[in-house]
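Reader: I would like to learn how to read a structure like this one. Could you take me through it feature by feature?

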Amino acid sequence: MLSSTITMNIFATIILAGILLPELTAAQNCGCAADLCCSRYGYCGTSDDYCGAGCQAGPCTAPPPQNGVSVESIVTDSFFNQIIDQAEGSCAGKGFYSRSKFLEALESYSQFGRVGTEDDSKREIAAFFAHATHETGHFCYIEEIDGPSKDYCDENSTQYPCAPNKGYYGRGPIQLSWNFNYGPAGSSIGFDGLNNPEIVAEDPVVSFKTALWYWMNNVHSVITSGQGFGATIRAINGALECDGGNPDTVSARVGYYTDYCSQLGVAPGDNLRC
């Protein structure tokens, strides 16, 4: 079941690419005119798709103000360990994922869990860890099951061309997948995503950073705008799970989310399903 879930998440990335990439002007590498924003994918435009989350240059939309919440005080050792302790001792993730590595990665994403009220922060944290728990089997898996046997190279992504003999299958807590995600994630974080995708399964800080990069660019604005947990499922897996696509996996994600909200002492809110 986990294998099919991870695979579904990877195929959902194609759908997300169509949803999240706006109508493009000319391809750029942050060489846009002064009145245009350079999007996270390196294209020029003026809408929120260009100037919002991940905007690299130009008149980018200012992020919302941060609250005074300490994510570290919410993601305690107890909270993190009760998740990973449910994984088998033989799992690769047991010696890889840790709270300290998550917090180290978090230093690069100051907006995570720090927008809105304290309850809003707790709901975002619960949502992130609910999805990570489901994607990795309680932080058991570092890589997609049977990932090396699959081809996740989108040859139409000319800005992020696949390198020979490299696999862009799911890795990390949110299972980063496809060359068109590895490329910009690497550029943002500081690694060669196209020529060295393996580092996501070798360096736990990089691994957590890719999950946070994907979250902040694709999911953060959904949960912080009050659309509910169900909208985060749609942002990650789209129609593959939502609208009756796979109600069992939706229920599993919702179950983790409501459990973590309970642990953090916050109401889960409305619109839990997608």
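Reader: Let's start with one residue: where is the place of Ala 211?

Author: Ala 211 is in helix H8. Helices (H or I, at least four residues) and strands (E, at least two) are DSSP runs, numbered from the N terminus. Before we go on, residues are numbered from 1 along each chain as its sequence is written, and side-chain values use heavy atoms, leaving out hydrogens and water. This is a predicted model, in which local features need pLDDT of at least 70 and side-chain atom pairs count only at pLDDT 80 or more, while totals for chains, interfaces and linings use all residues.

Reader: Is Ala 211 buried or exposed?

Author: The general scale is this: buried means under 20% relative accessible area, exposed over 50%, and partly exposed in between (1.4 Å probe, protein chains only). Ala 211 has 1% relative accessibility, so this residue counts as buried. For the opposite case, look at Asp 85, in the loop between helix H4 (77-84) and H5. Asp 85 counts as exposed, at 53% relative accessibility.

Reader: Which residues does Ala 211 touch?

Author: Contact means heavy atoms within 4.5 Å. Leaving aside residues up to four places away in sequence, Ala 211 touches Phe 128, Pro 173 and Ile 174. You can also compare sequence with space: Ala 211 and Gln 175 are 36 residues apart in sequence, and their C-alpha atoms are 7.4 Å apart. Likewise, 54 residues along the chain separate Asp 85 from Phe 139, with 8.9 Å between their C-alpha atoms.

Reader: How many helices and strands does the protein chain have?

Author: The protein chain has 11 helices and two strands. Along the sequence they follow the pattern α-β-β-α-α-α-α-α-α-α-α-α-α. Of its 274 residues, 53% count as buried.

Reader: At what angle do the axes of helix H7 and helix H8 cross?

Author: Axes are lines fitted to C-alpha atoms, for helices over the stretch in contact, and angles run from 0 to 180 degrees between N-to-C directions. Here, the axes of H7 (residues 179-189) and H8 (residues 204-218) cross at roughly 105° and come within 10 Å. That makes the two helices, H7 and H8, roughly perpendicular; the cut-offs are under 35 degrees for roughly parallel, over 145 for roughly antiparallel, 65 to 115 for roughly perpendicular, and oblique for the rest. Among the residues making the contact are Pro 184 and Ile 189 of H7, with Trp 213 and Tyr 214 of H8.

Reader: How many aromatic pairs does a search of the whole structure find?

Author: Rings of Phe, Tyr and Trp (its six-membered ring) pair if their centres lie within 6.5 Å; planes under 30 degrees apart count as stacked, over 60 as edge-to-face and the rest as tilted. The search finds 22 aromatic pairs. One of them, Phe 102 with Phe 112, is edge-to-face, with 6.3 Å centre to centre and 80° between the planes. Phe 102 lies in helix H5 (residues 99-106) and Phe 112 in the loop between H5 and helix H6 (118-136), so the pair ties together parts 10 residues apart in sequence. Phe 102 is buried at a relative accessible area of 0%, and Phe 112 is buried at 1%.

Reader: What does a stacked pair look like, as with Phe 229 and Tyr 257?

Author: Phe 229 and Tyr 257 are 4.3 Å apart, centre to centre, with 5° between the planes. Because Phe 229 lies in helix H10 (residues 229-237) and Tyr 257 in helix H11 (residues 247-264), this pair ties together parts 28 residues apart in sequence.
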